[in-house]
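Here is a short briefing to read alongside the model. Keep the viewer open, and take the topics in whatever order suits you.

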4 protein chains.
Amino acid sequence: MNNITLLISCKDAEGIIASVTRFIFEKNGNIVYIDQHVDAEHGIFFMRLESQFAISPGTPEAFRSEFAENIASRYGMTWELYTDRKKPGMALFVSRYDHCLYDLLGRYNSGELHTEIPFIISNHNDLRSVADRFDIPFHHIPVTRDNKEQAESEQLRLLQEAGVDFIVLARYMQIVSPRIIDHYPGRIINIHHSFLPAFPGARPYHSAFRRGVKIIGATSHYVTEELDAGPIIEQDIARVTHTHSINDMVMKGRDLEKIVLARAVKLHISRKVMVYNNKTIVFS
Amino acid sequence: MNNITLLISCKDAEGIIASVTRFIFEKNGNIVYIDQHVDAEHGIFFMRLESQFAISPGTPEAFRSEFAENIASRYGMTWELYTDRKKPGMALFVSRYDHCLYDLLGRYNSGELHTEIPFIISNHNDLRSVADRFDIPFHHIPVTRDNKEQAESEQLRLLQEAGVDFIVLARYMQIVSPRIIDHYPGRIINIHHSFLPAFPGARPYHSAFRRGVKIIGATSHYVTEELDAGPIIEQDIARVTHTHSINDMVMKGRDLEKIVLARAVKLHISRKVMVYNNKTIVFS
Amino acid sequence: MNNITLLISCKDAEGIIASVTRFIFEKNGNIVYIDQHVDAEHGIFFMRLESQFAISPGTPEAFRSEFAENIASRYGMTWELYTDRKKPGMALFVSRYDHCLYDLLGRYNSGELHTEIPFIISNHNDLRSVADRFDIPFHHIPVTRDNKEQAESEQLRLLQEAGVDFIVLARYMQIVSPRIIDHYPGRIINIHHSFLPAFPGARPYHSAFRRGVKIIGATSHYVTEELDAGPIIEQDIARVTHTHSINDMVMKGRDLEKIVLARAVKLHISRKVMVYNNKTIVFS
Amino acid sequence: MNNITLLISCKDAEGIIASVTRFIFEKNGNIVYIDQHVDAEHGIFFMRLESQFAISPGTPEAFRSEFAENIASRYGMTWELYTDRKKPGMALFVSRYDHCLYDLLGRYNSGELHTEIPFIISNHNDLRSVADRFDIPFHHIPVTRDNKEQAESEQLRLLQEAGVDFIVLARYMQIVSPRIIDHYPGRIINIHHSFLPAFPGARPYHSAFRRGVKIIGATSHYVTEELDAGPIIEQDIARVTHTHSINDMVMKGRDLEKIVLARAVKLHISRKVMVYNNKTIVFS
């Protein structure tokens with residue numbers, strides 16, 4: 001064990017940073033990154049800390065229990081500890097649009113994403129050939145009004161069998177039900193094709209065209225039960241003019257969507273995102 | 001008369017551009033700028049044309065009537081013709097925020113705005129000293145629930161006496177009533193402190209903070225009866241993070257607001273904006 | 001023949017637009033797009049015009065010769081006429097970086113690029129597997145100091161056999177010699193990983209890091225004999241801070257490079273770029 | 001004394017953060033902001049820390065000497081300590097362009113800048129009226145080849161008499177000599193009208209136009225002896241097209257320049273900028 005990343009939140013108090021950094025110091029660790037944030041409204045403290053250990057500070061289990069006893073319990077911390085040993089497993093859900101899928105798989109093949117992709121799930125068969133090109137297993141699970149519950153059971157079975165850590169909806173055109181969300185709270189990443197909260201729901205480019213906006217956007221967020229209202233991870237925008245048709249916006253938007261989604265996925269994989277009060281803290 | 005700018009709209013048809021450009025050509029005019037747009041949904045044609053005449057093509061009145069008879073009537077055109085002789089008159093409405101006012105008056109003094117500012121109207125007295133610094137008459141017209149109609153009559157009287165062409169609401173914190181709007185249709189420019197249609201109405205930075213957006217914006221639009229729903233002229237955005245308080249957003253937003261409003265004002269002054277179907281065509 | 005795109009340049013004169021639009025009108029064509037530009041410094045007129053013909057205006061040959069005689073010769077025009085019948089052929093040159101290649105091939109497969117890709121040429125064998133995934137022929141032509149002339153002959157032979165219209169250097173890490181450039185003037189598109197003219201030549205991210213810039217960029221340009229000094233088609237930028245290592249910049253830059261290159265390729269394919277005086281006119 | 005801001009740099013070592021935060025903690029201070037950076041290339045550690053004290057931790061002098069003895073000496077720190085008692089004094093140097101001056105004075109009057117402006121120095125008399133509008137003393141000190149040394153002596157005298165802390169060159173069109181720079185190292189802020197390192201020196205918009213770039217920029221940096229080569233504080237850009245004349249770029253650039261300069265000034269005033277190896281660390 002050489003690298004440890006800690007994500008911590010607790011009620012704000014004096015001395016937290018001093019206590020945590022001293023704990024790492026006494027284990028002969030070197031802090032290579034520390035960032036903290038205080039939610040002034042609610043008095044909550046958040047911290048992300050990366051440390052390196054030339055000499056192993058012991059088993060992860062021992063480290064965890066010592067940290068829990070000596071530090072976490074004192075401040076009533078909610079905390080997560082990650083080593084860099086295991087790549088998180090990422091399941092991809094898609095429908096018919098291929099631009100986000102091509103982009104993520106290209107990055108995956110380039111070694112840009114520190115993750116494993118066990119499979120792709122789709123409610124349509126259209127993108128099977130893309131999955132095949134990249135040698136990723138593809139599961140076609142049609143979703144209709146009648147079979148929704150059964151389809152979700154099948155999705156859950158696949159997710160759990162593969163030990164998936166988080167799910168990326170890469171333009172998956174189905175609403176994910178609370179049943180799935182409850183299994184992956186703060187671990188389902190969606191890309192919405194507007195600068196939320198403008199134009200939630202279906203066909204946002206049509207709405208943007210009708211409203212005559214001069215800027216379109218894309219938003220990546222964690223999925224919660226309320227549609228398109230979960231914590232925003234990343235957004236970006238592009239300029240449009242009166243010359244752009246709805247189709248032009250769709251084409252421009254594709255580039256936005258894939259870049260914004262990829263950024264959010266990379267932030268999530270590198271444990272840089274914390275969620276509180278339906279908002280994200282995104283450490284740099 | 002040396003420069004003529006034409007703004008034209010009509011049902012799309014073959015031969016419009018050929019007819020208009022030939023008309024200018026036969027008057028010995030040189031076209032220095034032509035841009036056109038077709039609203040494909042409704043089949044409407046829009047054109048902006050700037051032309052220069054080494055030799056005067058006659059009185060504006062004669063030019064107008066010849067254009068009306070020979071060209072405009074044939075295609076059922078709605079059209080406007082501007083010479084560069086007269087600077088348009090711009091009234092400023094303000095309340096308590098001074099950043100847009102300082103910015104516009106600085107530009108005005110620098111000669112950046114081809115306009116005349118006959119006066120500033122405010123429902124508060126706070127910014128009188130700014131007006132004084134720039135030697136612009138300042139009219140304090142308080143607006144209350146009880147005196148609203150009377151206050152508007154006073155505003156209208158001042159506007160009409162000065163022959164004002166258009167109104168700029170430079171963070172004027174009052175809703176302008178239909179009575180004023182009817183006198184200045186498509187000629188009242190507002191700045192709203194969000195990327196509309198997100199966060200219309202009051203306190204958008206508070207809403208943006210609560211929603212946890214990663215991008216804030218500002219929108220300049222023409223005022224219509226529906227609040228914050230008029231044709232958008234210009235928008236721009238700035239990035240924010242979890243570290244920004246509401247007050248930080250307000251401060252960042254000030255820079256956005258003043259730049260976006262100034263751009264919209266300059267586009268309007270240079271006759272580059274046409275309105276159709278509650279959207280703008282903004283020629284470059 | 002239903003769609004005709006004309007690109008025209010000539011010495012500026014009165015009546016050009018009127019003449020051209022009348023010519024189209026008399027052929028019963030409808031102008032769906034017209035944009036023009038005058039280089040005021042040199043008095044050169046540029047125009048791009050798209051027109052649709054419900055009834056065929058005759059063979060392309062007849063149309064061309066009539067336009068040449070009646071219009072082009074009168075104004076001494078340089079002009080090109082395109083129909084939408086034939087997709088232009090695009091050769092890809094790559095070396096070892098795969099992000100631009102993945103991006104272009106993903107778009108190609110999605111049908112986003114109106115082009116044919118007959119083959120990929122590379123001086124290394126690394127990306128053969130990517131070409132294989134997308135079923136594009138891959139030619140490995142190593143380039144050394146000793147075999148450069150022979151390698152280029154082989155490249156030229158392949159290009160000419162396939163009737164390639166333009167070349168895209170998708171992070172091809174070799175300098176293309178005048179011999180190739182002369183065969184494809186204004187038809188070789190490169191992506192450079194800096195906001196030119198800052199940091200031309202090799203290792204621009206290293207230079208950007210050393211200089212401590214707060215913004216990095218990417219530039220797509222036509223290749224000319226002077227290194228990284230050809231006409232710029234498109235540029236874009238991303239923000240960086242002191243926290244970004246050279247490697248972080250490289251990673252951020254990959255997203256810039258692929259998006260900027262794709263935009264330039266799409267502009268070129270849609271005949272929206274004209275070149276004059278080592279600069280581009282990019283019609284919208 | 002309630003607020004203390006510490007800027008620290010030293011050779012990187014284990015335990016620095018723990019030591020500093022414990023020191024603050026033991027003084028009953030609450031850390032409201034901490035950010036750190038390690039220059040991995042040179043192994044240098046940088047930190048900015050803001051702390052609040054409900055009960056005064058003693059006189060600033062005592063606090064300083066205790067910090068020096070117990071912490072700074074142990075790690076060989078270079079450090080600065082600021083309380084919020086005294087507003088820094090900012091001298092403005094201008095020539096003939098007024099947009100940055102109007103912008104800074106507008107912000108100053110709005111209370112946006114936590115600074116005092118004792119006077120404006122100019123080598124021309126043109127902007128005296130702007131200074132007068134804002135009631136700021138204006139010193140006209142012409143600079144010619146012959147009187148440069150004498151002029152600088154006069155500038156220095158005024159700067160020192162007023163106890164000026166830093167200087168802002170708000171489009172001051174003279175090269176500041178080493179003599180002045182030596183008195184204000186890392187404390188003279190310039191705005192250059194290009195995205196450095198592209199187009200250093202005079203007339204960058206002309207060079208940008210000639211090169212045909214699609215993006216123009218502005219750069220605010222600390223002045224060093226090498227022209228336009230000092231540490232960059234902030235940059236921003238705007239898009240241009242072939243339709244923009246040099247004059248259009250100048251006008252677009254004005255908005256960039258004033259916003260970028262104002263951002264740099266605010267960062268400097270809030271002690272968020274550290275300089276090392278001719279680069280800046282800009283804490284957020």
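Helix H2(B) has a kink of about 45 degrees, and the kink is centred on B:Ala68. This is a predicted model, so please read every value below as computed from it. The points that follow start with this helix, then move to a sheet in chain A, the relations between chains, and two single residues.

**Helix H2 of chain B**

- Does the length of the helix fit its residue count, or depart from it? What span should its 16 residues have at 1.5 Å a residue? H2(B), residues 60–75, should span 22 Å, and its end C-alpha atoms lie 21 Å apart, which agrees.
- The residues of H2(B) that are buried are B:Pro60, B:Phe63, B:Phe67, B:Ile71, B:Ala72 and B:Tyr75.
- In chain B, these buried residues pack against two strands and a helix listed early in the chain, among them strand S1 (3–11) and helix H1 (16–26); strand S3 (44–53) and strand S4 (78–83) are also packing partners.
- Just after H2(B) comes B:Gly76, with a positive phi of about 65 degrees.

**The sheet in chain A**

- An open sheet of 7 strands runs in the order S7-S6-S5-S8-S9-S10-S11 in chain A, with mixed pairing.
- Its edge strands, each pairing on one side only, are strand S7 (138–140) and strand S11 (232–239) of chain A.
- From one strand to the next, the twist averages 20 degrees.
- Within chain A, strand S9 (residues 188–192) and strand S10 (residues 215–222) pair in the antiparallel sense over 4 bridges. A:Asn190 stands opposite A:His221 in S10(A).
- Helix H3 (residues 99–110) of chain A packs on the sheet, where it touches strand S5 (90–94), strand S6 (120–122), strand S8 (166–169) and S9 of chain A. The direction of H3 makes about 155 degrees with that of S5(A).

**How the chains are related**

- Two copies of a chain are related by a rotation about an axis and a shift along it.
- A turn of 180 degrees with a shift of 0.0 Å along the axis lays chain A on chain B, at an RMSD of 0.0 Å. That is the relation of a two-fold axis.
- Which C-alpha of chain A is nearest the axis? It is that of A:Ala198, 2.3 Å from the axis.
- The same surface serves both of these copies, as 100% of the contact residues of chain A recur in chain B.
- Chain C can also be laid on chain B, by a turn of 180 degrees and a shift of 0.0 Å along the axis, with an RMSD of 0.0 Å.
- For this pair, C:Ala18 comes closest to the rotation axis of the residues of chain C, with its C-alpha at 2.6 Å. Here too the same surface serves both copies: 100% of the contact residues of chain C recur in chain B.

**Two residues to look up**

- C:Gln36 sits in strand S2 (residues 29–39) of chain C. Is C:Gln36 buried or exposed? Its relative accessible area is 8%, so C:Gln36 is buried.
- Leaving aside neighbours within four places in sequence, C:Gln36 is in contact with B:Val32, B:Tyr33 and B:Ile34 of chain B, and with C:Ile17, C:Phe45, C:Phe46, C:Met47 and C:Phe283 of chain C.
- D:Arg210 belongs to helix H7 (residues 204–211) of chain D. With 58% relative accessibility, D:Arg210 counts as exposed.
- The C-alpha atoms of D:Arg210 and D:Ile246 are 9.0 Å apart, although 36 residues separate the two along the chain.

Definitions and conventions. Residues numbered from 1 in each chain as written. Chains lettered and ligands numbered in written order. Predicted model: local features only at pLDDT ≥ 70, side-chain atom pairs only at ≥ 80, totals over all residues. Heavy atoms only, no water. Expected span 1.5 Å × (residues − 1). Bend = angle between axes of the 7 residues up to and from the residue. Buried < 20%, exposed > 50% of the residue type's maximum accessible area, 1.4 Å probe, protein only. Contact = heavy atoms within 4.5 Å. Least-squares fit on C-alpha atoms with pLDDT ≥ 70 in both. Pairing = 2+ DSSP bridges. Axes fitted to C-alpha atoms, helices over the stretch in contact; angles between N-to-C directions.
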